[in-house]
Amino acid sequence: MSIEFVGMIFPRQWSETRGVRSPDFDLAFIREHARAHEHAGFDRVLIASGPGSADSLQIAAYAAAHTERLGFMIAHRPALSAPTVAARAFATLDHTTGGGRIRLHAITGITAEPQEGDTLLDKTERYRRTDEYLEIVRRIWTAEEPFDFEGRYFNLKGAFSPVKPLQQPHIPISFGGSSDIAYQIAVKHADLYALWGEPLEGVAEQIGKLKAAASAAGVAAPRVSLSVRLILGATEELAWQRAEQILAQIRANPQFAAGSPWQKRLKGTGSERLLAAAARGDRHDRALWMPTASAVGAYGDTTALVGTPETVAQALLDYVDLGVTTFLNRGYDPYYDTIDYGRWIIPAVREAAARRKQHL
């Protein structure tokens, strides 16, 4: 299998450097950004989900109607809707997007979302609820007869759906998280596990924990995805000049000012790991840069690899050597960075990884 690349699309133009630049639903931008990913050689795009955000399945359906082969990694918060309803919705979309182009990306979240009707606060309990939820979703996708389910969080009688996914045996599931309970639940349901861009030592540590959890469960470990931003320049000097400019723009954005809601957000294990690495130094390994994470409170995939295309490609290959098979890369100038990644990064990394595999 070649190295997989995942981009990201939003319902409108937005970045940490310049904030919102278009209406809530910029349909032209969604179309063109999705097409740019397809033309650049990305395998799929992530569509985020959060409180008050646009429905991720609807955005995927719209983007799929304007592309031909691009896949969609659809963020989904378990338990905000009934698992039977979600299973049917994803199975339907698997057909209507054509060719089985979707993936369910399960996001348990670091806390309850009472505005969405979710009041379960305990983190371990939240992951256990996700476990039950994904078990039900997978059974709905595969069961040939109605079944009952009696769990701690869900109780179903005669659950069944004649609407089955196009992808067999079921729609692929990916999983995010950095805590021990996350690894334990992920290995039961997911074929891909998503990590954020930490130093190599930290990524190796997490892959080791994931493999240990899989071994304890007697299953194969999921493949590993790494989410990291890319800042490119024609020379090293120009790349770092651009990085400093991006950092200055982020710091000037009121959305991320000290005391802002974004800075005050509750930090999950993944965010705490990024901030701890940032506290140890701005630069790590070949090209990893941490200040962009610190500037936004490490809310997600906020670290960056900085350098020429050659340097950044080599830095990505360093993670391939650890066992990473998938990269989620998005830029601070989303549309044009997508094009640049397709020109300079995606083919170079895939070709180098293929050469390495031939020599093994």
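The following conversation concerns two helices, a buried glutamate and some backbone features of a predicted model.

Trainee: What kind of model is this, and which pLDDT applies to local features?

Mentor: This is a predicted model, in which local features need pLDDT of at least 70, side-chain atom pairs count only at pLDDT 80 or more, and totals for chains, interfaces and linings use all residues. Residues are numbered from 1 along each chain as its sequence is written, and side-chain values use heavy atoms, with hydrogens and water left out.

Trainee: How many residues does α1 have?

Mentor: Helix α1, residues 27-40, has 14 residues; helices here are DSSP runs of H or I with at least four residues, strands are runs of E with at least two, and both are numbered from the N terminus. The helix reaches 20 Å from its first C-alpha to its last, close to the 20 Å expected, where the expected span is 1.5 Å times one less than the number of residues.

Trainee: Which residues of α1 are buried?

Mentor: Those buried include F29, I30, H33 and E38; buried means under 20% relative accessible area, exposed over 50% and partly exposed in between, with a 1.4 Å probe and protein chains only. The buried residues of α1 pack against β1, β4, α2 and α12, contact meaning heavy atoms within 4.5 Å.

Trainee: What is the nearest side chain of opposite charge to E38?

Mentor: That is R101, 4.6 Å away, and E38 has no salt bridge. A salt bridge requires a side-chain nitrogen of Lys or Arg within 4 Å of a carboxyl oxygen of Asp or Glu; Lys and Arg count as positive, Asp and Glu as negative, and His and the chain ends are not counted.

Trainee: Changing topic, at what angle do α2 and α3 cross?

Mentor: Their axes come within 11 Å and cross at roughly 5°. That makes α2 roughly parallel to α3, a label for angles under 35 degrees. The contact is made by L57, A60 and A61 of α2 with A89, F90 and L93 of α3. Axes are lines fitted to C-alpha atoms, for helices over the stretch in contact, and angles run from 0 to 180 degrees between N-to-C directions.

Trainee: Where is the cis peptide bond?

Mentor: It joins Q168 and P169, with omega about 5°. P169 is in the loop between β8 and β9.

Trainee: And A298, is that residue buried or exposed?

Mentor: A298 is buried, with a relative accessible area of 0%. Its phi is positive, about 50°, although A298 is not a glycine. D285 also has a positive phi, near 55°, but is partly exposed at 45%.

Conventions. Angles under 35 degrees count as roughly parallel, over 145 as roughly antiparallel, 65 to 115 as roughly perpendicular and the rest as oblique.
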